[in-house]
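Reader: I would like to learn how to read a fold from its contacts, strands and burial. Where do we start?

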Amino acid sequence: MEKKETLVLNKSNSVSYKVRIRRGNSETSWYDDFEVPSEAGQSILGVLQYIYENLDASLAFSGSCRLGLCSSCLVRVNGKVVHACTTLIKSDIVVEPYKQSCVARDLIVTQNTDTYRDEK
Ligand code: FES
């Protein structure tokens, strides 16, 4: 199935992306939708930070080095496990925890990131 991309012009005529994020934990989860303005070079981690600072301060996610080295920012974007800090947003996205079975809260997974390749 081909992924439909949607670019939305907001009132100031700037482009924005729709971002759907899986919330909750391993037992109970749901999806929340956000609209995020596009900015050149904006990473998925930058998008999550934007949502946290401007739209929903209850969003839980992690990130540290911002260089693709520590793997603390691993998430699943449109079904693929990626480093949120080094992956740029180019279209509407669905963001989920990289491992569904060990979710502490929202995008934070309690299991060691060394095993993430098992769930690709
Ligand atoms: S924040 Fe360290 S790999 Fe992304």
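Author: Start with contact. Two residues are in contact if their C-beta atoms, placed from the backbone, lie within 7 Å. Keep in mind that this is a predicted model. Now take Tyr52, which is found in helix H1. Leaving aside residues up to four places away in sequence, Tyr52 touches Ala57 and Leu59.

Reader: Is Tyr52 buried, exposed or partly exposed?

Author: Count C-beta neighbours. A residue is buried at 20 or more within 10 Å, exposed at 12 or fewer, and partly exposed in between. Tyr52 has 14 C-beta neighbours inside 10 Å, so Tyr52 is partly exposed.

Reader: How does Tyr98 come out on that count?

Author: Tyr98 has 26 C-beta neighbours inside 10 Å and therefore counts as buried. Tyr98 sits in the loop between S6 and strand S7 (103-105). Look also at Tyr98 and Val109. They are 11 residues apart in sequence, and their C-alpha atoms are 7.5 Å apart in space.

Reader: How far should I trust the model, and where is confidence lowest?

Author: Read pLDDT, the predictor's confidence in each residue, from 0 to 100. The protein chain averages 87, and 80% of the residues score at least 70. Confidence is lowest in strand S1 (residues 8-9), with a mean of 54. S6 has the highest, at 98.

Reader: Now the strands. How many bridges join S2 to S3?

Author: Two strands pair if at least two bridges are found between them. S2 (residues 15-24) and S3 (residues 29-37) run antiparallel, joined by nine bridges. One residue pair to look for is Arg20 with its bridge partner Asp33 in S3. The link from S2 to S3 is a hairpin of four residues.

Reader: What joins S4 and S5?

Author: Another hairpin, with two residues between the strands. Check the backbone there: Asn78 in the turn has a positive phi of about 50 degrees. Strand S4 (residues 74-77) and strand S5 (residues 80-83) run antiparallel, with four bridges. Val77 stands opposite Lys80 in S5.

Reader: Which residue in S6 is the bridge partner of Val77?

Author: Val95. S4 and strand S6 (residues 93-97) pair in the antiparallel sense, over three bridges. Val77 thus gives you a handle on two pairings: with Lys80 in S5 and with Val95 in S6.

Reader: Back to the helix. Which residues of H1 are buried?

Author: In H1 (residues 44-54), they are Ile44, Leu45, Val47, Leu48 and Ile51. Seen down the axis of H1, the buried residues fall within an arc of 160 degrees, so they line one face of the helix. Glu53 and Asn54, on the other side of H1, are exposed.

Reader: What does the buried face pack against?

Author: The buried residues of H1 pack against S2, S3, S4, S5 and S6. Ile44 shows the detail. Not counting residues up to four places away in sequence, Ile44 touches Val75, Val77, Val82, Ala84, Thr87, Ile89 and Val95.

Reader: How do I read a core, and which element gives the most to this one?

Author: In soluble globular proteins, nonpolar side chains tend to be buried together. Here the largest nonpolar core has 22 residues. Those with the most contacts inside it are Val19, Ile44, Val47, Leu48, Val75, Ala84 and Val95. S2, H1, S4 and S6 each supply at least two residues of this core. H1 gives the most, with five residues.

Key
Residues numbered from 1 in each chain as written. Arc of directions from axis to C-beta. Core = buried A, V, L, I, M, F, W, Y, C linked by C-beta atoms within 7 Å.
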